[in-house]
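The exercises below ask you to read a structure residue by residue, and each is followed by a worked solution. Try each task with the structure open before you read on.

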Amino acid sequence: MTIEFSATVGDWLGRIHGAMDRGEYLTAFDLATEAVGVYPADLPLQYQMILALARAGATNQALQALESSRLEERSGTADVALQEDIAALRARLAKDQALAVTGPERAVRAAVAAGLYETIYRRLHRSYTCINAATMWLVAGDEARAAELAQQARDL
């Protein structure tokens with residue numbers, strides 16, 4: 001799927017979001033990859049590319065893309081919402097890994113994801129990561145911590 005070269009970042013993001021909204025995650029990934037080729041330094045496009053992989057269930061590929069992009073390191077100049085989204089990618093992938101297994105291993109992996117989400121919440125004080133931290137602490141079996149974070153999310 002080739003888009004005209006003169007398409008703006010906003011044009012690309014609109015097409016990517018449209019594909020995501022339709023559940024066409026691989027199409028969204030293809031669009032985002034093409035857009036990043038045109039705008040290689042654009043953080044939202046790179047974020048969408050990795051998010052599309054994650055939503056497609058390609059967790060390992062998304063982790064590799066996150067590592068190679070150095071997106072987390074470069075996100076400090078972004079607005080706080082994008083900083084949270086980018087930071088939460090790693091936590092989201094850890095959550096996906098936790099929910100892909102059962103038994104005691106799920107609780108161990110859920111605690112990893114919860115810790116990542118909670119660290120982001122403590123740094124940025126945003127509800128999305130707080131809610132996810134609470135949820136993952138519950139999956140990990142730490143009901144008290146989950147309840148404490150759930151109350152903090154309500155307070156936000």
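**Exercise 1.** Find the residue just after helix H4 that takes a positive phi, and then work out which residues of H4 are buried and how they are arranged around the axis.

*Solution.* The model is a predicted one, and the residue to find is Arg-70, which follows directly after H4 and has a phi of about 55 degrees. Going back into the helix, which spans residues 59-69, the buried positions are Thr-59, Ala-62, Ala-65, Leu-66 and Ser-69. These lie on the same side of H4, because they cover an arc of only 125 degrees around the axis. The spacing fits a general rule: an α-helix has 3.6 residues a turn, so residues three or four places apart point the same way. On the other side of H4, the exposed residues are Asn-60, Gln-64 and Ser-68. As a last step, look for what covers the buried residues, and you will find helix H3 (43-55), helix H5 (71-74) and helix H6 (80-99) among the covering elements.

**Exercise 2.** Locate Asp-42 and decide what its side chain reaches, given that it is buried yet has no salt bridge.

*Solution.* Asp-42 sits in the loop that runs between helix H2 (25-38) and H3. The nearest side chain of opposite charge belongs to Arg-74, but it is 9.1 Å away, whereas a salt bridge would require the charged atoms to be within 4 Å. What the side chain of Asp-42 does reach is the backbone nitrogen of Leu-45, at 2.9 Å.

**Exercise 3.** Describe the largest nonpolar core, and state which helix gives the largest share of it.

*Solution.* This core has 31 residues, and Ile-16, Leu-45, Tyr-47, Ile-50, Leu-71 and Leu-89 are those with the most contacts inside it. At least two of its residues come from each of helix H1 (9-21), H2, H3, H4 and H6, with the largest share, 9 residues, supplied by H3. Taking Tyr-47 as an example, and leaving aside residues up to four places away in sequence, its contacts are Leu-71, Leu-82, Asp-85, Ile-86 and Leu-89. A second core, separate from the one just described, has 21 residues, including Ala-110, Tyr-121, Cys-130 and Ala-146.

**Exercise 4.** Is Asn-132 buried or exposed, and which side chain does it join through a polar contact?

*Solution.* Asn-132 belongs to helix H8, residues 127-140. It counts as buried because its relative accessible area is 11%, and the cut-off is under 20%. Its side chain is joined to that of Lys-95 by a polar contact of 3.1 Å. Beyond residues up to four places away in sequence, Asn-132 touches Lys-95 and Tyr-117.

Definitions and conventions
Residues are numbered from 1 along each chain as its sequence is written. This is a predicted model: local features need pLDDT of at least 70, side-chain atom pairs count only at pLDDT 80 or more; totals for chains, interfaces and linings use all residues. Side-chain values use heavy atoms; hydrogens and water are left out. Buried means under 20% relative accessible area, exposed over 50%, partly exposed in between (1.4 Å probe, protein chains only). Helices (H or I, at least four residues) and strands (E, at least two) are DSSP runs, numbered from the N terminus. The arc is that of the directions from the helix axis to the C-beta atoms. Contact means heavy atoms within 4.5 Å. Lys and Arg count as positive and Asp and Glu as negative; His and the chain ends are not counted. A polar contact is a pair of N or O atoms within 3.5 Å; within protein, one must be able to donate a hydrogen and the other to accept it, and residues adjacent in sequence count only if both atoms are side-chain atoms. A nonpolar core is a set of buried Ala, Val, Leu, Ile, Met, Phe, Trp, Tyr and Cys residues joined through side-chain atoms within 4.5 Å.
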